[in-house]
Amino acid sequence: MVARDFYAHTAPDGSKPWDRAAAAGSRCRTVGENIACGQRSAAEVVRGWMNSPGHRANILKPEFTHIGVGFAGGGRAGTYWTQVFGG
């Protein structure tokens, strides 16, 4: 997101989280993604996700058995946080 200057689940090329997971070699049937930007700490971003019904549902969904976590500094927001879930 930092390198391509966007903040969204859909990338500028039109790819969705499940497309990007498959391109990276994932064979998961179900994929979810939480994104956030601008938070100053991991505690702050996780608190925000846990206070959001949709993000919390991804974190707690029993069908998700795999997770990838990403953090990048830079760009307009300063910090970008990503969780990608698969099951």
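Guide: Helices here are DSSP runs of H or I with at least four residues, numbered from the N terminus. With that in hand, and bearing in mind that this is a predicted model, we can start with D5, which sits in the segment before α1.

Visitor: What makes the phi of D5 worth a look?

Guide: The phi of D5 is positive, about 55 degrees, although D5 is not a glycine.

Visitor: And why is D5 called partly exposed?

Guide: Partly exposed covers the range between 20% and 50%. D5 has a relative accessible area of 42%, so partly exposed is the right label.

Visitor: G14 is in the segment before α1 too. Why does G14 count as partly exposed?

Guide: Its relative accessibility is 40%, which lies between the 20% and 50% cut-offs, so G14 goes in the middle class. The helix that follows this segment, α1, spans 17-23.

Visitor: How far apart are G14 and A77, in sequence and in space?

Guide: They are 63 residues apart in sequence and 22 Å apart in space, going from C-alpha to C-alpha.

Visitor: On to the sheet. How do you know that β2 and β3 pair?

Guide: Two strands pair if there are at least two bridges between them. Nine bridges join β2 (residues 66-74) to β3, so the pair passes, and the two run antiparallel. One example is H66, which stands opposite G86 in β3. The hairpin of β2 and β3 has three residues between the strands, and there G75 takes a positive phi near 70 degrees.

Visitor: What about β1 and β3, how many bridges join them?

Guide: Seven bridges join β1 (residues 31-37) to β3. With a threshold of at least two, β1 and β3 therefore count as paired. They run antiparallel, and A36 has W81 as its bridge partner in β3.

Visitor: What is the strand order in the sheet?

Guide: The order is β1-β3-β2 in an open sheet of three strands, with antiparallel pairing.

Visitor: Why do β1 and β2 stand at the edges?

Guide: Each has a single partner strand, so one side of each is left without a neighbour in the sheet. From one strand to the next, the twist averages 10 degrees.

Visitor: What makes β3 mostly covered?

Guide: Seven of the nine residues in β3 (residues 78-86) are buried. As for helices, α2 (residues 42-50) lies across β1 and β3, at about 55 degrees to β3. α3 lies across β1 and β3 as well, running at about 130 degrees to β1.

Visitor: Why is W81 called buried?

Guide: The cut-off is under 20%, and W81 comes in at 11% relative accessible area, so buried it is.

Visitor: And why is the pair of F71 and W81 called tilted?

Guide: There are two checks here. The centres are 4.5 Å apart, which is within the 6.5 Å limit, so the rings pair. The planes are 55 degrees apart, neither under 30 nor over 60, so the pair is tilted. F71 lies in β2 and W81 in β3, so the pair ties together parts that are 10 residues apart in sequence. A search of the whole structure finds three aromatic pairs.

Visitor: Why is Q39 called buried?

Guide: Q39 has a relative accessible area of 18%, and buried means under 20%, so Q39 qualifies. Q39 is in the loop between β1 and α2. Leaving aside neighbours within four places in sequence, Q39 is in contact with E44, V45, T79 and W81.

Visitor: What about N58, buried or exposed?

Guide: Buried: the relative accessible area of N58 is 17%, so N58 falls under the 20% cut-off. N58 lies in helix α3 (residues 53-60), and its side chain reaches the backbone oxygen of E33 at 3.5 Å. Beyond four places in sequence, N58 touches G32, E33, N34, F64 and F85.

Visitor: Last one. How many disulfides does the structure hold?

Guide: Zero. A disulfide needs a pair of cysteine sulfur atoms within 2.5 Å, so a count of zero says that no pair meets that limit. As for the cysteines C28 and C37, C28 is partly exposed at 27%, and C37 is partly exposed at 26%.

Conventions
Residues numbered from 1 in each chain as written. Predicted model: local features only at pLDDT ≥ 70, side-chain atom pairs only at ≥ 80, totals over all residues. Heavy atoms only, no water. Buried < 20%, exposed > 50% of the residue type's maximum accessible area, 1.4 Å probe, protein only. Polar contact = N/O pair within 3.5 Å; in protein donor to acceptor, adjacent residues only side chain to side chain. Contact = heavy atoms within 4.5 Å. Axes fitted to C-alpha atoms, helices over the stretch in contact; angles between N-to-C directions. Phe/Tyr/Trp six-rings, centres within 6.5 Å; stacked < 30°, edge-to-face > 60°.
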